[in-house]
Amino acid sequence: MSPRQITVLGECVADAFTQPASTSNELALRVLPGGGPANTAVSLARLGTPARFLARLSGDVFGRLFRAHLETSGVDLSSAVTAVEPSTLAVAELDAQGQAAFSFHAQNTADWQWTAGELAQVDLSQTACVHTGSLALVQKPGAPVVEEFLAAAASHATISIDPNVRPLLVHPDVYRARLTHWCGLADVLRLSEDDLELLLPGTPPEKACDIWHAAGARLVVITQGADGALASLAGERIHVPALSTSVVDTVGAGDSFTAGLLHHLGAQGLLVGRLAELRLGDVADACRFAARVAALTCSVAGPNPPWRSRLEEPAAADRA
């Protein structure tokens, strides 16, 4: 069964990775297209899901880089907005384990300037699922417009949200204040264990799942790095282990996991409305597939998710 279209809404960010410089008074940067929603759209398209990206892309040098990257990966940009504002820049420093710490240059940039008119004409008739999250849901002035779009889309499509908390740019209290509302919109809530600690400090994952189910989210998936993922479907839970891989860095791993999860559910014809027919075994299969996608993403530098052909290679993640 061919998956139906997934529409992703959100930011595309220039991820600038620090590199060794020739002298001590220079800073060398390697710039790659990134941003959680953009990474998810790219990963979906590379896996074979028709992926449309609703983004505000600047006409600057970074915006041109974004367009080339997205289009080369097969992402549909027909509904993207050409923005006059500059692109958002995130400078990443990697630690010895490949974990990235980001600093953002995001004031008055293109990604957050959504207007109701820009989203009013978006046709969702061919869309099975709308996915969003990260900064697009909290950065004003566009965040309320995005929430209104999701509320309208919920009558047509499954809604997936990844909070992807960025405390250096937006205080976690802003996310906490909106999370119950997002759960009321979302059918799928995917977040990391770091997000969990920022949103509900000290709360066991199982209790957090119950809180978010009570607020409306049917499927909650908490990714836990090397410890795998906890998936909770209306209170029924399963733990899926991570795959062993040689980690270069973890940038984009969570976004790739989300894409793998949604792609697999869509390919099985399970991304339907409020997911009333979804069963825990279906979720387990989708999470195992998503873990492979995430492992392959960790095996290469930057947010560079695998193409479907890599997933078709036996034990690809173990050999990476």
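## Contact between helices α1 and α8

In this predicted model, residues G36, N39, T40, S43, L44 and L47 of helix α1 meet D255, S256, T258, A259, G260, L262 and H263 of helix α8. By class, the residues of this contact divide into four nonpolar, eight polar and one charged.

Helix α1 covers residues 36-47 and helix α8 covers residues 253-267; their axes come within 8 Å and cross at roughly 45°. Because angles under 35 degrees count as roughly parallel and those from 65 to 115 as roughly perpendicular, this crossing makes α1 oblique to α8. The crossing in which α1 passes α8 is right-handed.

## The eight-stranded sheet

Strands of a sheet pair through backbone hydrogen bonds, in either a parallel or an antiparallel manner. One open sheet of this model is formed by eight strands in the order β4-β1-β9-β10-β11-β12-β13-β14, and its pairing is mixed. At the edges stand β4 (51-54) and β14 (236-240); each has a single partner strand, so one side of each is left without a neighbour in the sheet. On average, and with direction ignored, neighbouring strands of this sheet are turned by 15° against each other.

The pairing of β1 with β4 can be described in detail. Strand β1 (residues 5-9) runs parallel to β4, and four bridges join the two strands. Within this pair, V8 stands opposite F53 of β4.

## Helices lying across the eight-stranded sheet

Helix α4 (residues 143-153) lies across β1, β4, β9 (127-133) and β10 (158-162). With respect to β9, helix α4 runs at about 155°.

Helix α8, described above for its contact with α1, also lies across strands β1, β9, β10, β11 (188-192), β12 (219-223) and β13 (229-233). Its direction is at about 155° to that of β11.

## The four-stranded sheet

Another open sheet consists of four strands in the order β3-β2-β7-β8, again with mixed pairing. Its edge strands are β3 (28-34) and β8 (100-105), each of which pairs on one side only. From one strand to the next, the twist averages 30°.

Which residue of β8 is the bridge partner of A92? The partner is F102. Strand β7 (residues 88-94) and β8 run antiparallel and are joined by six bridges.

Helix α2 (residues 61-72) packs on this sheet and touches β2 (13-19), β3 and β7. The direction of helix α2 makes about 50° with that of β3.

Terms used: Residues numbered from 1 in each chain as written. Predicted model: local features only at pLDDT ≥ 70, side-chain atom pairs only at ≥ 80, totals over all residues. Heavy atoms only, no water. Pairing = 2+ DSSP bridges. Axes fitted to C-alpha atoms, helices over the stretch in contact; angles between N-to-C directions. Contact = heavy atoms within 4.5 Å. Parallel < 35°, antiparallel > 145°, perpendicular 65-115°, else oblique. Left-handed = near helix turned anticlockwise from the far one by under 90°. Nonpolar A, V, L, I, M, F, W, Y, C, P; charged D, E, K, R; others polar.
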